[in-house]
Amino acid sequence: MNAIDTNLATRPVCTEQAVVSAEAAARMVAAAVAHAGTLGIRINAAVTDAGGTLAAFLRMPGAFLHSVDIAIDKAYTAASFGFPTSQWMSLLAQDEALRIGIVQRPRLVVFGGGLPIRRTAAEGGALIGGIGVSGGSAEQDEACARAGLQAVDLG
């Protein structure tokens with residue numbers, strides 16, 4: 001066995017990853033929906049864990065049906081990249097190759113309404129999921145997502 005094989009053999013086979021809890025995910029989508037009510041809009045709200053798997057979802061009666069998948073994909077995009085979906089447009093404007101290539105990826109959403117969920121700075125700030133909202137304007141969707149984060153003291 002060479003030195004490289006020896007080093008690999010001593011490395012751990014798995015690591016632990018913090019993810020958003022079911023209870024927190026449920027509180028976040030409920031808070032996002034409550035905020036949408038104050039804005040007079042109907043939304044779909046989704047939370048994914050850090051791996052992009054759906055953890056919670058809530059649809060207001062009358063919310064757009066296409067927005068179901070958009071909300072889930074906003075949460076997935078935010079969890080995948082670790083920054084708000086609203087930042088994509090400025091990134092795409094600066095890089096033609098990225099603009100051409102990345103938008104072909106399935107489930108990528110490049111407009112506002114998706115926010116990463118991170119542990120507090122005191123806890124290390126690790127990415128633990130994403131929240132996505134769809135049904136209003138990009139700004140309204142992001143405000144509802146932020147209300148979700150604030151409901152668990154992460155926003």
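**Exercise 1. Which residues of helix α3 are buried, and against which elements do they pack?**

Begin with the residues themselves: the buried residues of α3 are S67, A71, I72, D73, K74, A75, T77, A78 and A79, as found in a model that is predicted. Next, ask what surrounds them: these buried residues pack against the strands β1 (44-49), β2 (54-59), β3 and β4, and also against the helices α4 (88-94) and α6. Then turn to the dimensions of the helix, which covers residues 66-81 and therefore has 16 residues. From its first C-alpha to its last, α3 reaches 23 Å, close to the 22 Å expected at 1.5 Å a residue. Finally, look just past the helix, where G82 takes a positive phi of about 80°.

**Exercise 2. Describe how strand β3 is covered and how it pairs with β4.**

Consider the covering of the strand before its pairing: β3 spans residues 114-118, and four of its five residues are buried, so the strand is mostly covered under a cut-off of 20% relative accessible area. For the pairing, β3 runs antiparallel to strand β4 (residues 127-134), and five bridges join the two. A specific position fixes the register for the reader, as G114 stands opposite G132 in β4.

**Exercise 3. Is A145 buried or exposed, and which residues is it in contact with beyond its neighbours within four places in sequence?**

First locate the residue, which lies in helix α6 (residues 138-150). With a relative accessible area of 0%, A145 falls under the 20% cut-off and is therefore buried. Once its neighbours within four places in sequence are left aside, A145 is in contact with G113, L115, I131 and V133. Of these, L115 belongs to β3, which covers residues 114-118, while I131 and V133 belong to β4, which covers residues 127-134. As for R118, A145 is 27 residues away from it in sequence and 13 Å away in space, C-alpha to C-alpha.

**Exercise 4. Compare the settings of R107 and D153, each of which has a positive phi although it is not a glycine.**

Start from the general expectation: most residues other than glycine have a negative phi. Against that background, R107 has a phi of about 75°, and D153 has a phi of about 60°. Now place each of them in the chain: R107 lies in the loop between α5 (96-102) and β3, whereas D153 sits in the segment after α6. Last, weigh their accessibility: R107 is partly exposed, because its relative accessible area is 33%, while D153 counts as exposed, because its relative accessibility is 69%.

Conventions:
Residues numbered from 1 in each chain as written. Predicted model: local features only at pLDDT ≥ 70, side-chain atom pairs only at ≥ 80, totals over all residues. Heavy atoms only, no water. Buried < 20%, exposed > 50% of the residue type's maximum accessible area, 1.4 Å probe, protein only. Pairing = 2+ DSSP bridges. Contact = heavy atoms within 4.5 Å.
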